Amino acid sequence: MKEYVCRYKSAHYDFYCKPDSFALKNITEIAERQEECYKKITEELNIYPDFRLEYWLADTPRELGVLYGDGEPCNGFVKRPNKIFAVYNDAVKGTGMHEDAHIISFSLKKPTSAFISEGLAMYFDKEWQGRSNEVVCRELLDSGLLPDVPTLLDNDKFFATGEEITYPLSGSFTKFLVKKLTMEAFLRDIYYNDAAADYLNNLFRRGIIEEFSAWIESA
């Protein structure tokens, strides 16, 4: 991390990147976009962290894997309380809503369920690889490939299922719940609730999965 000596400050962020990197050449644009993300996320969640966010911009997924510690290539991750790591090059731009939504929402508490955690980040992303979460889910549903939501509350099953399924599904389901419950209620009763599984199981028994499937078909 000693190589990341270039710092750029905006209202809520400190950005770090390598000299002569693609990120440095675009740092003003990056900062402007992240400030827009910050404004939207904090206003919608009504959560305003009392710390500045550090943004570490790597050149490649492999380089980011080294920063993570396991050497496995990745495009982005966060380290609490305030660090965001993302790849930024001509082909891959790991900035945007996702990791910022994680670190801002985690400032109060991190959910134990990956489905719930990733769902809120994907709610703000709105799309998976350029296509809306709902379109992806509708195609999976119509082809019989959409997994049962309750099973994915188990982290082992969530991580054993491909991100191309779990990410758009969790984002769509979160959007559905927010529309049905309001964001305030979603955060209180599900996202930050230690008994979220019990709360969701009650909704499942009342037929909310069937309601969600119908919503996906009409979205």
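**The crossing of α4 and α5**

Select helix α5, residues 114-125, together with helix α4 in this predicted model. The two axes come within 8 Å and cross at roughly 130 degrees. An angle over 145 degrees would count as roughly antiparallel and one from 65 to 115 as roughly perpendicular; α4 and α5 are therefore oblique to each other. Their crossing is right-handed.

Next, display the side chains where the two helices meet. On the α4 side, choose His98, Ala101, His102, Ser105 and Phe106. On the α5 side, the residues to choose are Ser117, Glu118, Leu120, Ala121, Met122, Phe124 and Asp125. This contact is made up of 6 nonpolar, 4 polar and 2 charged residues.

**From α5 to α9**

Keep α5 on display and add helix α9, which covers residues 183-191. How far apart are the axes of α5 and α9? They are 12 Å apart, and the helices pack at an angle of about 160 degrees. Angles over 145 degrees count as roughly antiparallel, and α5 and α9 are therefore described in that way. The crossing of this pair is left-handed.

To view the contact, select Ile116, Ser117, Leu120 and Tyr123 in α5. Facing them in α9 are Met183, Phe186, Leu187, Ile190 and Tyr191. Here 8 residues are nonpolar, 1 is polar and none is charged. Ser117 and Leu120 deserve a second look: they appear in the contact of α5 with α4 and also in that with α9.

**The sheet beside α4**

Return to α4, residues 98-106, and bring the sheet into view. This helix packs on the sheet and touches β2 (13-17), β3, β4 and β5. The direction of α4 makes about 15 degrees with that of β4.

Now colour the strands one by one. The open sheet has 5 strands, in the order β1-β2-β3-β5-β4, and its pairing is mixed. At its edges are β1 (6-9) and β4 (76-79), each of which pairs on one side only. From one strand to the next, the twist averages 20 degrees.

Add helix α3, residues 61-68. Helix α3 lies across β3 (53-58), β4 and β5, and runs at about 20 degrees to β4.

**The β4-β5 hairpin**

Zoom in on β4 and on β5, residues 83-87. These strands run antiparallel and are joined by 4 bridges. Strands of a sheet pair through backbone hydrogen bonds. Select Gly76 and find Ala86 opposite in β5; then select Phe77, whose bridge partner is Phe85.

The hairpin passes from β4 to β5 through 3 residues. In this loop lies Pro81. Which form does the peptide bond from Arg80 to Pro81 take, cis or trans? The bond is cis, with omega near 10 degrees. Most peptide bonds are trans.

**A second backbone detail**

Move to Asn46, in the loop between α2 (27-45) and β3. Asn46 is not a glycine, yet its phi is positive, at about 60 degrees. Most residues other than glycine have a negative phi.

**The whole chain**

Finally, zoom out until the entire chain is visible. Its secondary structure comes to 11 helices and 7 strands. Along the principal axes, the C-alpha atoms fill a box of roughly 55 × 35 × 30 Å. The radius of gyration is 18 Å, which agrees with the value near 17 Å for a compact globule of 219 residues.

Notes. Residues numbered from 1 in each chain as written. Predicted model: local features only at pLDDT ≥ 70, side-chain atom pairs only at ≥ 80, totals over all residues. Heavy atoms only, no water. Pairing = 2+ DSSP bridges. Axes fitted to C-alpha atoms, helices over the stretch in contact; angles between N-to-C directions. Contact = heavy atoms within 4.5 Å. Parallel < 35°, antiparallel > 145°, perpendicular 65-115°, else oblique. Left-handed = near helix turned anticlockwise from the far one by under 90°. Nonpolar A, V, L, I, M, F, W, Y, C, P; charged D, E, K, R; others polar. Rg over C-alpha atoms; globule rule 2.2 N^0.38 Å.
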